[in-house]
Amino acid sequence: MISMETIRTMTNWIVERFRPERQIALGRTFADQAAIASENVRLFNETKEAREQLTAISEILRVISSSPTDVMPVLQAVAERAARLCEATGSGIMLVSGDQLRWGASHGELSENIVGLQLPLNRESINGRAVVDRMPVHVENAAALAPDEYPMVRELALRLGHRTLLAVPLTRGGKPLGTISLHRMVVQPFTERQIALVQTFADQAAIAIENVRLFNETKEALEQQTAISEILRVISNSPTDVTPVLLA
């Protein structure tokens, strides 16, 4: 039989252990532990995300260095990595061609729908508006747009099913070169960090486009100089006969 003294001792122990202030302190301890665990997860995810972004940027730089005369592999790499890292359904790159935007590269779902696509260079599409305004255009729900706002965007959204859209201009030295655009099939706005990442990819694509242009211009100038030098050599070797010069 348990003595009264033992019962009193056990009762005092229970009361002591479950006093309100002790419960509050215990709750604070659990809250602190949960906060630490949450912060650790956040830091881990941010570190992982940063590593993936750096890896993608390094891969694109490698493609740029290995394709000095062909910009298409770079544009394709940019489209693929932008869609993957920004969790987009698909992506596309349009290039300025006169008063039009023409297809350059695409990746992901619906990419086959924009192959060969051409758009007028105006503010009726998000790509056109991004070029005209020289700034990113973010549409959270294309299906909810007013009929007179982005009429081309709304029509395509209702036909193809995409909802959230983002277009970032490609510029170099203030000159518009094109756009990179991303889409999602659900209403899920892109974050500020994702938009900034797309801008980084856009800058890389613009550098690649400019590098190819400069390379080709330098190659053309060198070929012209070589041709002129050859003609001058023939002239110097045929001071009294114009035929060799004409044949050259």
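Trainee: Which residue follows α3 with a positive phi?
Mentor: This is a predicted model, so the angle is computed from predicted coordinates. Past the end of α3, the backbone takes a phi near 55°. The residue with that positive phi is glutamate 87.

Trainee: What span should helix α3 have at 1.5 Å a residue, and what do its end C-alpha atoms give?
Mentor: The helix covers residues 72–85, which is 14 residues. The expected span is 1.5 Å times one less than that number. That comes to 20 Å, and the end C-alpha atoms agree because they too are apart by 20 Å.

Trainee: Is arginine 81 buried or exposed?
Mentor: The cut-off for burial is under 20% relative accessible area. Arginine 81 has 13% relative accessibility, so it counts as buried. The list of buried residues in α3 includes Val74, Leu75 and Val78, and also Arg81. The verdict on arginine 81 is buried.

Trainee: Which residue meets arginine 81 in a salt bridge?
Mentor: Side chains of opposite charge can pair when their charged atoms come close. Here the N to O distance is 3.2 Å. The partner of arginine 81 is glutamate 80.

Trainee: Which residues are joined into one network by salt bridges that share partners?
Mentor: Start from glutamate 80, which bridges to arginine 81 at 3.2 Å. Glutamate 80 also meets arginine 84, at 3.3 Å from N to O. Those two lie four residues apart in α3, about one turn of the helix. Through the shared partner, the network is Glu80, Arg81 and Arg84.

Trainee: Which salt bridge partner does aspartate 133 have?
Mentor: Aspartate 133 sits in helix α4, and its partner lies ten residues away, in the loop between β3 and α4. The N to O distance is 2.9 Å. Aspartate 133 is partly exposed at 30%, and the partner is partly exposed at 38%. That partner is arginine 123.

Trainee: Which ring does the charged end of arginine 184 sit over?
Mentor: The charged end of arginine 129 sits over the ring of tyrosine 150, 3.9 Å from its centre. For arginine 184, the distance to the ring centre is 3.9 Å. Its ring belongs to phenylalanine 190.

Trainee: How many aromatic pairs does the structure hold?
Mentor: To pair, two rings need centres within 6.5 Å. By that test the number of aromatic pairs is zero.

Trainee: Which element supplies the largest share of the largest nonpolar core?
Mentor: That core has 32 residues, and Leu75, Ile93, Leu170, Ile180 and Leu182 have the most contacts inside it. Elements giving at least two residues each include α2, α3, β1, β5 and β6. The largest share is nine residues, and it comes from α6.

Trainee: Which residues of α3 does isoleucine 180 touch?
Mentor: Beyond its sequence neighbours, isoleucine 180 touches residues that include Ile93, Leu170 and Val198. The buried residues of α3 include two that are also on that contact list. They are Val78 and Ala82.

Trainee: How far apart in space are alanine 79 and isoleucine 93, C-alpha to C-alpha?
Mentor: Alanine 79 is in helix α3 and counts as buried at 0% relative accessibility. Its contacts beyond four places in sequence are Ser91, Ile93, Ser106 and His107. Alanine 79 and isoleucine 93 are 14 residues apart in sequence, and their C-alpha separation in space is 6.8 Å.

Note on methods:
Residues are numbered from 1 along each chain as its sequence is written. This is a predicted model: local features need pLDDT of at least 70, side-chain atom pairs count only at pLDDT 80 or more; totals for chains, interfaces and linings use all residues. Side-chain values use heavy atoms; hydrogens and water are left out. Rings of Phe, Tyr and Trp (its six-membered ring) pair if their centres lie within 6.5 Å; planes under 30 degrees apart count as stacked, over 60 as edge-to-face and the rest as tilted. A charge sits over a ring if NZ of Lys or CZ of Arg is within 6 Å of the ring centre and within 35 degrees of the ring normal. Buried means under 20% relative accessible area, exposed over 50%, partly exposed in between (1.4 Å probe, protein chains only). A nonpolar core is a set of buried Ala, Val, Leu, Ile, Met, Phe, Trp, Tyr and Cys residues joined through side-chain atoms within 4.5 Å. Contact means heavy atoms within 4.5 Å. A salt bridge is a side-chain nitrogen of Lys or Arg within 4 Å of a carboxyl oxygen of Asp or Glu.
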